[in-house]
Structure formats: structure tokens, C-alpha cells
Amino acid sequence: DIAVFDTAQFAGLGASQISALSTTQVAGLATTQLSSLASDQLTALSSTQVAALTLTQLGALTLDQIPALTVTQIKGFSSTGIANLAAEQVAAFTTTQLGSLSVMQVRGLAAEDITLLSPEQMNVLTPGQLSQLSVSAIGGFEPATIMALSSTQWGGITNIQLRAFSESQLG
């Protein structure tokens, strides 16, 4: 059973061995095993395997591992999985990863997540994605981020969201 491997043994598995793990085995991985994976091992996980990761396991992904995830793997995250990531983990997403988030996944973003996103990261969010942000997530927009939004992106901001911006956010 894979669960008996210590971290060093598990880290020594090849990408093809990682990709051969069942979803049950993936769901049973210790967080230390998961966080020990190198980029090539991590990207060997299928979207089905990624979808089997528990919230605790997703939280164990390191800031170096997050950018290595493929768009297909990111799409395997549930909206609850996105909501349970630490803000620093969300901030580690690449612009390609952020742009690939579904509207359901975007609904999981919190104000703390939005606060840590750079203007470059925010610029990839589509009007459809922006329209799904909660009113509380709108509170995470920094003035520089607001100023960086394009006119097309502003088209996605709903009236309810617009009213949620504070005076200090709008500068």
C-alpha cells in the first residue's frame, strides 16, 4: 500500500508510477507525501486524481507546486477546493491558471484571495468570471487592481458589486 511509503520513498516514484495510482490511493496520501512531489510528478496526476484530493491535501500543496499544475488539473478543483485554498496559494496561480477558472470556481474566491492577486493576474479574469465574485470578495480589490481593470472587465461588474466598492477602494 502506498500509504506506508515514507516521504523519501514516495518522492522517489516516477511520474508514470504516480499517474498509475488509483483515486483511492491518491485520496489516502499523507500531506507530507503530496507536498514532496516534484513538478513532473505532480503534473502526472490526472484531473480525476486531482479531483480525488481532499481539502486537507489541497491545502498541503506548496507555493512552488501550485504554478506547476496544469489547466486541466486546476479545472479538477471543486469550488469548495478553491474556497479552501490559502490566499497565498491562490496568489501563486499563474495568469493562465486564473483565466481557466470556471464561474463556479471563481465563486470560491474570498476577499483575502483577491487582495493578494496582482493587477496582471486580475487582468486575465473575464467579465463572466468577475460577475461571479461575491460582494465580500469585491472588498478585496486594491485601488491599483481596480484601476487596472479594462472597460471590458468593468462590463462584468454587476450593480450590486459596484455598490460594494468602498470610497477608499475607488480612491
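**Exercise 1. Find the surroundings of Ser100.**

Task: Establish which residues Ser100 touches, leaving out those up to four places away in sequence, and where Ser100 is found.

Solution: Ser100 touches Val71, Ile74, Lys75, Gln105 and Gln129, once residues up to four places away in sequence are not counted, where contact means heavy atoms within 4.5 Å. These statements concern a predicted model, in which local features need pLDDT of at least 70, side-chain atom pairs count only at pLDDT 80 or more, and totals for chains, interfaces and linings use all residues. Residues are numbered from 1 along each chain as its sequence is written, and side-chain values use heavy atoms, with hydrogens and water left out.

The next step is to place the residue: Ser100 is found in the loop between helix H11 (95–99) and helix H12 (103–106), helices being DSSP runs of H or I with at least four residues and strands runs of E with at least two, numbered from the N terminus. With a relative accessible area of 13%, Ser100 is buried (buried means under 20% relative accessible area, exposed over 50%, and partly exposed in between, with a 1.4 Å probe and protein chains only). Finally, the side chain of Ser100 reaches the backbone oxygen of Gln97 at 2.7 Å.

**Exercise 2. Describe the chain as a whole.**

Task: Determine how many helices and strands the chain has, and what share of its residues is buried.

Solution: The chain has 20 helices and zero strands, and its C-alpha atoms fill a box of roughly 55 × 20 × 20 Å along the principal axes. Of the 171 residues in the chain, 41% are buried. Among contacts between residues at least 6 apart in sequence, 74% join residues at least 24 apart.

For confidence, the chain averages a pLDDT of 93, and 100% of the residues score at least 70, pLDDT being the predictor's confidence in each residue, from 0 to 100. Among the elements, helix H1 (residues 7–11) has the lowest mean pLDDT, 86, whereas helix H10 (residues 87–91) has the highest, 97.

**Exercise 3. Examine two further loop residues.**

Task: Decide whether Leu117 is buried or exposed, and do likewise for Gly76.

Solution: Leu117 lies in the loop between helix H13 (111–116) and helix H14 (119–122), and counts as buried because its relative accessibility is 3%. Leaving aside neighbours within four places in sequence, Leu117 is in contact with Val90, Ala91, Leu98, Met122 and Thr145; Leu117 and Thr145 are 28 residues apart in sequence and 8.3 Å apart in space, C-alpha to C-alpha.

Gly76, in the loop between helix H8 (71–75) and helix H9 (79–83), is buried with a relative accessible area of 19%. Gly76 touches Ser47 and Ala51, not counting residues up to four places away in sequence.

**Exercise 4. Classify an aromatic pair.**

Task: Work out which kind of pair the rings of Phe141 and Phe165 form.

Solution: A search of the whole structure finds two aromatic pairs. The rings of Phe141 and Phe165 have their centres 5.5 Å apart and their planes at 85°, so this pair is edge-to-face (rings of Phe, Tyr and Trp, the last by its six-membered ring, pair if their centres lie within 6.5 Å; planes under 30 degrees apart count as stacked, over 60 as edge-to-face and the rest as tilted). Both Phe141 and Phe165 are buried, and ring pairs link Phe141, Trp154 and Phe165 into a cluster.

Notes
A polar contact is a pair of N or O atoms within 3.5 Å; within protein, one must be able to donate a hydrogen and the other to accept it, and residues adjacent in sequence count only if both atoms are side-chain atoms.
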